[in-house]
Amino acid sequence: MGGFAVLLLALSATVPADLETGKKIYVNICQVCHGERGDGQTFVVNALNPPPRNFTSETSKKELTRSRMIRSVTHGRPGTAMMPWKNRIAPAEISAVIDYIRYEFMGLRE
């Protein structure tokens with residue numbers, strides 16, 4: 001296998017397969033509350049209590065496991081404005097948007 005093929009194989013193993021789908025879902029659904037940069041700094045921040053999650057914070061990076069994030073998107077978060085999306089977004093799309101958030105805003109490459 002040539003060097004270029006090895007590089008492509010290595011990159012495909014580290015980049016979630018469906019980032020483009022995840023990005024589209026994030027922009028269309030999540031961005032209004034969580035912001036363009038995933039930092040929760042939007043016009044709704046002062047209207048929501050608690051404010052939307054800042055995915056870029058060190059606390060979020062430590063606390064938010066992938067499974068917890070999937071659970072939050074699927075079932076919502078009681079006591080917050082985070083509503084359940086299980087009836088509007090397919091499980092594969094939920095996984096895609098979580099992978100996008102973790103990759104793009106949290107810098108996690110798992």
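**Helix α5 and its neighbours**

Let's start with Val97: if we set aside its neighbours within four places in sequence, Val97 is in contact with Gly22, Ile25, Tyr26 and Cys30. Val97 sits in helix α5, and with a relative accessible area of 1% it is buried. One of those partners, Cys30, is 67 residues away from Val97 along the chain, yet the two C-alpha atoms are separated by 9.0 Å.

Before I go on, a quick word on what we're looking at. This is a predicted model. The average pLDDT for the protein is 88, and 84% of the residues score at least 70. Among the elements, α4 has the highest mean pLDDT, 98, while helix α1, residues 3–14, has the lowest, 42. Over residues 1–15 pLDDT stays under 50, and for that stretch the model has five contacts beyond four places in sequence. Where pLDDT is low, the predicted coordinates should not be read in detail. I'll leave that part alone today.

Back to α5, which covers residues 91–104. Another residue in this helix is Tyr103. Is Tyr103 buried or exposed? Its relative accessibility is 18%, and the cut-off for buried is under 20%, so Tyr103 counts as buried. Tyr103 also has a distant partner in sequence to compare: Leu19 is 84 residues away along the chain, and the C-alpha atoms of the two are separated by 8.4 Å.

Now to the helix pair. Helix α4, residues 66–75, packs with α5 at an angle of about 130°, and the axes are 10 Å apart. How should we describe that angle? Angles over 145 degrees would be roughly antiparallel and 65 to 115 roughly perpendicular, so α4 and α5 are oblique to each other. The crossing of α4 past α5 is right-handed. On the α4 side, the contact is made by Arg66, Met69, Ile70, Val73 and Thr74, and α5 brings Ile94, Ser95, Ile98, Asp99, Ile101 and Arg102. By type, the residues of this contact divide into six nonpolar, three charged and two polar.

Let me finish with a loop residue, Arg37, found between α2 (19–34) and α3 (58–63). Arg37 is exposed, with a relative accessible area of 57%. What does Arg37 contact, leaving aside neighbours within four places in sequence? The partners are Thr56 and Phe105. And here we come back to α5 by way of Ile101, a residue of the α4 contact: the C-alpha atoms of Arg37 and Ile101 are separated by 9.6 Å, with their positions 64 residues apart along the chain.

Thanks, everyone, and I'm happy to take questions.

Terms used: Residues are numbered from 1 along each chain as its sequence is written. This is a predicted model: local features need pLDDT of at least 70, side-chain atom pairs count only at pLDDT 80 or more; totals for chains, interfaces and linings use all residues. Side-chain values use heavy atoms; hydrogens and water are left out. Helices (H or I, at least four residues) and strands (E, at least two) are DSSP runs, numbered from the N terminus. Buried means under 20% relative accessible area, exposed over 50%, partly exposed in between (1.4 Å probe, protein chains only). Contact means heavy atoms within 4.5 Å. Axes are lines fitted to C-alpha atoms, for helices over the stretch in contact, and angles run from 0 to 180 degrees between N-to-C directions. Angles under 35 degrees count as roughly parallel, over 145 as roughly antiparallel, 65 to 115 as roughly perpendicular and the rest as oblique. A crossing is left-handed if the near helix is turned anticlockwise from the far one by less than a right angle, and right-handed if clockwise. Ala, Val, Leu, Ile, Met, Phe, Trp, Tyr, Cys and Pro count as nonpolar, Asp, Glu, Lys and Arg as charged, and the others, Gly among them, as polar. pLDDT is the predictor's confidence in each residue, from 0 to 100.
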